[in-house]
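Subject: The structure we talked about

Hi there,

Here is the structure I promised to pass on. Have a look at it first, and then read my notes below.

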Amino acid sequence: MQAIFAIAPLIIILPFAGVFINAFFGRRLMENPDSPAPGIVASVMAGGAFTVALLLFIGLLNDPAGAQVPLFTWMSIQISPERTFVIDWTLRVDTLSSIMMLVVTGVGTLIHIYAIGYMQFDVEENVHKRHLHGAEADEFKRRYFSRFFTFLNLFLGSMLILVTGNTFLTLFVGWELVGLCSFLLIGFWNDDPEKGVANAKAANKAFIVNRVGDFGMLMAIFLLFWSFGSLQFDEVFSRGECMIEGSQADCITLSPEELDWNPAATSEEEEARSGAIGVLASLAPAEEGPGELNTLIFLGAVGFPMGAVVTAITLLMLLGATGKSAQIPLFVWLPDAMAGPTPVSALIHAATMVTAGIYMITRSNVLFHMAPFSETVVAVVGGLTALVAATIAVAQFDIKKVLAYSTISQLGFMIAAVGLGGYVAGIFHLATHAFFKALLFLGSGSVIQGMERGILAGEAGHGDEHGSAHDDEHHAEHDDHHDDHHAHPDPQDMRNMGGLLQRMPTTGWTYIIGSLALAGIVPLAGFWSKDEILLDANNESLLVYILLSVASFLTAFYMTRQVSLVFFGQPRTDAADQATESPGVVTIPLIILGALSVFGGLMNLPFEGFHQLGHWLEYSVTYAHIPKFNLTVAVISTVVALAAIGLGWLVYGRSPSQSSEDQDPLASTGPLFGFLEAKWYWDELYEAVLIRPFTRLSDFFANTLDWNVFHDWFHDTLLSGFFVGGSQIMSKPIDQGVVDGTVNGLANLVSGSSRGLRRIQTGFVRNYALVVALGVVVIVIFLVARFVL
Amino acid sequence: MDIPTLESLNLLAVLPAIILAAYTGLLLVVDLFIPNENKQRTALLAILGLGATGVALGVQINQYSAIGDQMAFGGLVIVDGYALFLQGIFLLSAILGILMAMNYLPRRGIERGEYYSLILFTTVGSMFMALANDLMVVFVALELLSIPLYVLSAFIRDDPGSEEAGMKYFLLGAFSSAFFVYGVALIYGGTGTTSLDGVAAVLAGEALNLPLALVGMGLLLVGLGFKVAAFPFHMWTPDVYQGAPTAATGFMSVGAKVAGFAALIRVLVTAFPGAAQAWGLLVIAIAILTMILGNVTAISQSNAKRMLAYSSIAHAGYILVALSAAQFPELAQEASSAALFYMLTYTITNLGAFAVVMAIEKDDGSGVEIEDFAGLAKSRPAVALMMLIFMLSLTGLPVSAGMVGKFFVFGVAINAASQSVWLAIVAIVGVLTSVVSAFYYMRIVYMMYMRDGDEEAEYPAIKPALGTALAVTGIGTLVLGFLPTLLFDAAQRALIAGL
Amino acid sequence: MSEWTFIALLLVTAFIFPAIPIVAGTLLGPRKPNEMKNSTYECGVETVGDTWVQFKVQYYIFALVFLVFDIELIFLYPWAVAYNQLPLFGIVAGVVFIITLAEALVYAWRKGALEWL
């Protein structure tokens, strides 16, 4: 292990140090309420983490095998006399996690810097919304500005826990922590006077939908533990490979070293596999189909064929991935998550957190390789998601919603890629997508704030006019006008924009670069990564290839639509007319990300002698494979993209609409556009199929079953009635009547009293003595009768 | 008869009991020279003596694994794990009983030094009950245990209720003691010996007169059944518990009962394994009737002390369930450890419950109706919480000591159910009556937490002594509930060489 | 079995034997009550005043304390006679007994039981 790897813990410590500082001292750092200090602290920490990631990367260049840096033993459980189950908290530094670290910290740092400018404006805006003044306003700024960066750093640290984890359990810890941060940040403005409730609901939705996915993850982890007796990546994978030949009992005690396991792909057979070209090849039975994985895996007492178990595990993992990476059927939370501040959308809901599912599947490639059926399902889910989300994106008007659906669609590309075994392509697209989608989100944030500045400027202008108003009539008329402007145009609705390229040139040009990269235009980053995915799809599955091709056509189309609506034509509102460019702290990250979007493809050019990323990942992703460049595929995808852009320009760019009231040109398709605008009615479907039956059932349990039946009938009527009655019977007729009566009667008989049966009250010692005597008599009679006579 | 030598007595083996006996005699005299207003010193001295005894006992327990069982007084007394464990329980309950009395007696204006000496005397009696290996020793110990309790019951001299309690207890106690002695006499007539081992040996071989011995055994059951308040020898319990000063009630509800069971289990399991069929059915019948009567009658009580009296009858029934499983030799050890553990949990919990009653009792002895618990959760949240814990434990709800105790007791009964269907029945009755018991225990909880009480109600201050007792019992109840194996293992180890 | 039959017979006889004279007396005896016959005990002196007078409780205490010495005497006499033949334990047991009784006396004394009030 290289000495440099020892600094790995810093990559987690630094963001958490930022969390600590901002959480406890953040407000004190902001003596001046407009001070950006917490943001600077957070950005420095993020930058520090990026530096650490870079150093680790350099270390890996010399020693690509990487290292596992032990921190401490998390838990150690004696399972049986021979076996101890240990989970160490170890940081895994290998080529895969290094790529993730670089992307997370790199993009993260830029977004942190951007967020300083963005949040200062955003907080100011919220101060206005709440009509705060003076010390109250200052306190508000201090609290929210420092809180935002606390959360942002917390997210960064959590994401790094996720990608550096060396076991499925530590991965899951990070998985949950980023989910928490996502929840906190989506609902960041949960006390917004207008949209607070909606924001909180969006946060809840994200959290709850993710629980469904987390259930899958947890089940997968449980099954892994049962099957392989470990959660450590190398142990699970090496034992898994071992079990193909050997029995569970033999393999489960062996360590990766004993099994001679090396994550790096060396097998000749893999080379052969990657070279095989054939449409639908993956749908045909593979050499190691589940039918052949017949080793019995014992989950408790019952043994199942290994193929079935691994398929179950991987499908459950897929469920986890569909939650976190917003795939069908769990993608519904991501569009709503755009309620969070824009840097959050960029960092968490586009660039990093949502890629956790892809990372997790890539990390588990050994398992997925054993389960061809799961791979097929993953690929189809990804392909379908890519297509469905792209269609929805075509019909959205909210600038961020379009990007949200675009993100879902692009995540679908990545999921499809890893499902097809194209792990390199998936990770490659993950990285390039992080660049240009972060760019687009940050650009959209800049646009939105530009619009808001325009709105403010408009209000200020009218204010002056108001001051010069003289006659009453004019005054009244003007009041109406003013009220109109109080319901100012939605700064996120693209119909209210137009012509922003002139007013916000830096934002506009970088945005266009990002769009082209996303559309997949040569030689921008998006082209190379998307081409590699399509190449894999072409090699493996015609169905997925078609799905993805249509999706990439739609991608190019809706991005053209968006750029046309936002940046070209004439401003359709006063706000758009008066929009201004954002400050440098916002635009500089845009420029850097723009550069990355242009040159990002260089990391994995698909030509002989390049493929740097592919070879890099071979050290940690066992089944990484590098498809051979296919000119036909590249040409087709370029043609498709260009055709879409052309079509988009014809529809939107050539004759831009002049008013925000105009209908969308595509609306003439009628119900279809409505269907897409309504997002395929997914939310309504869930409402009808899941939520309403669930609330009905809850209502039934709570009111009917619990309250009416259990409380009113069972408890009040049956139980307490029975007990009260029973107790009365026992205490009055039985204890006082039968027992006392018998006792008294016997007492009278024995004493030979002539006064007849007299009721003697209890409380007299003689009665008690009599009962004792009676007991004696019964006992003696019993003993004598039974054992003597 | 040869007069034994000092060496053959093996006095060292019963050192704790001897220390306590001597100390008690001394304390009685020392107390004479302590002025009336300083009687708390007597209490502290008494605790000191109990502590010293406890140290001696601890040393013995520590050496037990190395030395094993010992006989003393020429076989009249046996020092085994069973006896050691029980002596521990007695010392614990005596210390707690004194702690509670230290607060209670001055408030009611009845603090006299004899109270503490009497508790010590009765503790010596209890210890010998556990140590006894001969029916005569059991009898002497029984008297030494009982007579101080009669006095304690009547300790409020100017309160007719207390005098009545003492008188009733004394008369009925004497009555049942007579049965006990008669039983001993019959057994001696039937077997020619009073030694427990001797009786067992004779019964295993040619009994001189089996019927006599069996009837004698039945009478022992009566005498000890009276002490543990089992049906139908329970009738004194409510009256005495209600009339006696609460501190004494609390103490005797555990001390006397556990001592009675100590002797009962020892006698039946050691001396009469051969007659297990005879006493097995009797114990089952008594257990069933005791549980039903105790639990059902407790429901209609309005006085907390009286309710706890019936509750203590019910708990005697549960311990009898364990005893009834001990009729099968292969289960005797398991059953006895279950009973031992149950007694420990019962001791701690019941003392705690009485401590709470004392904490809310007014200086004139009133204020112990169940209604008086209303609103306690608001006015005295800590005390209410304690009471909640004790009530949960007495009911046998998880995670309390009582639940674990019941679990072991019913568990052993169910284990034995394969041998006799009666064991299944007794276990089922036990579980059902436990459910019934929730009704009256939870009524106190209901009163405390759901009802509004008298806002003006003034509760007496809780002095450190009572506070300590409350804390020890409360924590003990929880600890036994959470870590039952801690002491159940001890209870089981106590039995390995014991019976 | 036969011996038990005897006991059962004895029990029956024991009930019947006293019952016969009582029943016979009631049935056969003439009934001519007069004042003298109805008086208490049919003889002696009529009691004067209320018989429910309280005795001073100290009578009992004195009697009990007297009993202490009584019992001590009964046990100590043979003990003293056999003193020469007794082993150590015998001596110790006797001493313990004396100490116990002495303690009881001290107790009674301190409590003022020996003062006649």
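At what angle do helix 6 (residues 135-153) of chain B and helix 11 (residues 246-271) of chain B pack, and how far apart are their axes? The angle is about 165 degrees and the axes are 11 Å apart. Before going on, please note that this is a predicted model, in which local features need pLDDT of at least 70 and side-chain atom pairs count only at pLDDT 80 or more, while totals for chains, interfaces and linings use all residues. Residues are numbered from 1 along each chain as its sequence is written, and chains are lettered from A and ligands numbered from 1 in the order in which they are written.

A few terms: helices (H or I, at least four residues) and strands (E, at least two) are DSSP runs, numbered from the N terminus. Axes are lines fitted to C-alpha atoms, for helices over the stretch in contact, and angles run from 0 to 180 degrees between N-to-C directions.

**The chain B pair**

The angle makes helix 6 of chain B roughly antiparallel to helix 11 of chain B (under 35 degrees counts as roughly parallel, over 145 as roughly antiparallel, 65 to 115 as roughly perpendicular and the rest as oblique). Helix 6 of chain B passes helix 11 of chain B in a left-handed crossing, meaning that the near helix is turned anticlockwise from the far one by less than a right angle; clockwise would be right-handed. Residues in contact (C-beta atoms, placed from the backbone, within 7 Å) include B:Leu142, B:Leu145 and B:Leu149 of helix 6 of chain B, and B:Met252, B:Ala256 and B:Ala259 of helix 11 of chain B. By class, the contact has 11 nonpolar, 1 polar and no charged residues. Here Ala, Val, Leu, Ile, Met, Phe, Trp, Tyr, Cys and Pro count as nonpolar, Asp, Glu, Lys and Arg as charged, and the others, Gly among them, as polar.

Also in chain B, helix 7 (residues 160-191) has 32 residues, which should span 46 Å at 1.5 Å a residue; its end C-alpha atoms are 46 Å apart, which agrees. (The expected span is 1.5 Å times one less than the number of residues.) After helix 7 of chain B comes B:Gly192, with a positive phi near 80 degrees.

**Inside chain A**

Chain A has 29 helices and 4 strands. Of its 789 residues, 51% are buried (20 or more other C-beta atoms within 10 Å of the residue's own, with 12 or fewer for exposed and partly exposed in between; C-beta atoms are placed from the backbone). Among contacts in chain A with a separation of 6 or more, 79% join residues 24 or more positions apart.

Two helix pairs are worth a look:

- Helix 1 (residues 10-29) and helix 4 (residues 134-164) of chain A pack at about 170 degrees, with axes 8 Å apart, and are therefore roughly antiparallel to each other. Their contact has 12 nonpolar, 8 polar and 3 charged residues.
- Helix 15 (residues 372-394) and helix 22 of chain A pack at about 25 degrees, with axes 8 Å apart, which makes them roughly parallel. The crossing is left-handed, and the contact divides into 16 nonpolar, 3 polar and 1 charged residues.

Helix 22 (542-567) of chain A turns up again beside helix 26 of chain A: together with helix 20 (505-519) and helix 21 (525-540), it is included in what covers the buried residues of helix 26. Those buried residues include A:Val633, A:Ser637, A:Gly648 and A:Tyr652.

For a single residue, try A:Ala200, in helix 6 (residues 196-228) of chain A. A:Ala200 counts as partly exposed because there are 18 C-beta neighbours inside 10 Å. Not counting residues up to four places away in sequence, A:Ala200 touches A:Gly187 and A:Asn190.

**Between chains, and chain C**

Where chains A and B meet, 21 residues of chain A are in contact with 27 residues of chain B. On the chain A side, helix 28 (682-751) and helix 29 (765-788) each supply at least two residues, and helix 29 of chain A gives the largest share, 15 residues. That side has 16 nonpolar, 4 polar and 1 charged residues.

Chain C has 4 helices and 0 strands, and 0% of its 117 residues count as buried.

Best wishes

Definitions and conventions:
Two residues are in contact if their C-beta atoms, placed from the backbone, lie within 7 Å.
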